Amino acid sequence: MEKLAASILRECPDLKGDERTSEARQKLVDEFEKFKVDSISREQLKKIRRGKVDYKHFAWTHLIKVYERGHFKEPKMQFLLKKAKAEKMRGKEHYVVYRLMLSYYELKVEERTLASRKSLSHLGKEYTAYLRQNGRSPKDLETLQVDVAMRGGIDPLTGLESQWIYIGQGPAEIRGGNRYRVIAYAPFTTGKDLAYRWVVYKGGQLGSWKTETLVAAVQKMERENLVALQPPVVVVAQAIKKKSILGGESTEVAKKESNSVSKSKLKITIRELW
């Protein structure tokens with residue numbers, strides 16, 4: 001591990017800061033030990049030393065792919081990726097590099113996740129404050145005047161930044177199992193099999209919905225918002241036409257039902273899937 005730490009410092013001298021080389025090297029070694037990269041039995045160590053490094057193994061190739069996808073800017077992670085792609089390591093060194101890459105990856109993804117979820121939660125809290133002060137929902141994130149840095153988040157797996165998708169402005173609503181209105185959701189996927197999206201409720205509470213469930217709810221909400229925004233004459237005409245096509249009922253009944261639709265709050269309630 002000391003040789004690896006020395007190599008990293010030679011490649012990334014800025015990591016030393018104001019410390020002496022020996023101090024910086026020991027600091028790196030201590031960091032490696034916290035990840036328990038040398039935690040291995042004698043039997044496994046013998047097998048690693050005798051065996052040939054398999055650079056085609058799925059776990060190894062997959063780790064390199066997620067590193068490339070992650071766009072990590074940390075010098076240590078960039079060094080390890082470069083070393084891994086060079087494929088010039090012996091068994092023990094390969095094992096240590098693999099464990100280090102995996103540990104740094106998990107640490108960075110968790111860091112990105114916490115930062116993004118904090119930003120999304122802040123958006124929900126700012127929405128609630130705006131609603132109390134103005135008595136109406138803001139039409140967009142710019143109107144909400146939330147900090148620019150809090151208008152979006154970082155995809156933990158790619159490092160790419162994108163703005164939260166705001167859906168808290170229309171008369172139609174999406175509500176979760178907690179009965180609170182969904183204010184915004186993440187444009188990127190997360191969770192098992194990348195099948196979920198983060199959402200934030202009024203008040204700042206966070207949730208995780210299956211993408212297909214969320215998309216269906218948003219589409220329904222958008223349709224009902226369009227109905228709510230149409231002039232009363234158009235709504236009445238559509239209701240009359242629908243009744244006529246279905247074989248229908250009187251104009252008065254159609255008008256009565258269309259008025260009922262236009263006056264409703266058009267709330268959507270679906271069950272949240274965790």
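## What counts as buried

Buried here means under 20% relative accessible area, while exposed means over 50% and partly exposed is the range in between. With that in hand, let's walk through this predicted model, starting with its charged pairs.

## Salt bridges

The structure holds ten salt bridges. In general, side chains of opposite charge can pair when their charged atoms come close.

A good one to look up is R175 with E173, whose side chains meet at 2.7 Å, N to O. Are these two partners buried or exposed? E173 has 11% relative accessibility, so E173 counts as buried. R175 is buried too, at 18%. Elsewhere, E74, K108 and E111 are joined into one network by salt bridges that share partners.

## Links between helices

Within that network, the closest N and O atoms of E74 and K108 are 2.7 Å apart. E74 sits in the loop between α4 and α5 and K108 in helix α6, so their salt bridge ties together parts 34 residues apart in sequence. K108 is buried, with a relative accessible area of 14%, whereas E74 is partly exposed at 25%.

Another pair to find is E68 and K85, which form a salt bridge at 3.0 Å, N to O. Because E68 belongs to helix α4 (residues 58-70) and K85 to helix α5 (residues 75-86), this pair connects parts that are 17 residues apart in sequence. E68 is partly exposed at 38% relative accessibility, and K85 is partly exposed at 47%.

## Helix α6 and its end

Helix α6 covers residues 91-134, which makes 44 residues. From its first C-alpha to its last, α6 reaches 65 Å, close to the 64 Å expected at 1.5 Å a residue. Just after α6 comes G135, with a positive phi of about 75°.

## Two unusual backbone angles

Most residues other than glycine have a negative phi. Which residues go against this here? One is Q145, with a positive phi of about 60°. Q145 is in the loop between α7 (141-144) and β1 (152-154), and is exposed, with a relative accessible area of 65%.

L194 also has a positive phi, near 50°. Its place is the loop between β5 (182-185) and β6 (196-201). L194 is partly exposed, at 32% relative accessible area.

## A negative patch

On the surface, E2, D30, E33 and D38 form a negative patch. Among them, D30 lies in helix α2 (residues 21-34) and counts as partly exposed, at 35% relative accessibility.

How values were computed: Residues are numbered from 1 along each chain as its sequence is written. This is a predicted model: local features need pLDDT of at least 70, side-chain atom pairs count only at pLDDT 80 or more; totals for chains, interfaces and linings use all residues. Side-chain values use heavy atoms; hydrogens and water are left out. Helices (H or I, at least four residues) and strands (E, at least two) are DSSP runs, numbered from the N terminus. The expected span of a helix is 1.5 Å times one less than its number of residues. Patches are made of residues with over 30% relative accessible area and no salt bridge: like charges are joined within 9 Å, nonpolar side chains (Val, Leu, Ile, Met, Phe, Trp, Tyr) within 5 Å. Accessible areas come from the Shrake-Rupley method with a 1.4 Å probe; for residues, only the protein chains shown count as cover. A salt bridge is a side-chain nitrogen of Lys or Arg within 4 Å of a carboxyl oxygen of Asp or Glu. Lys and Arg count as positive and Asp and Glu as negative; His and the chain ends are not counted. The place of a charge is taken as NZ of Lys, CZ of Arg, CG of Asp or CD of Glu. Buried means under 20% relative accessible area, exposed over 50%, partly exposed in between (1.4 Å probe, protein chains only).
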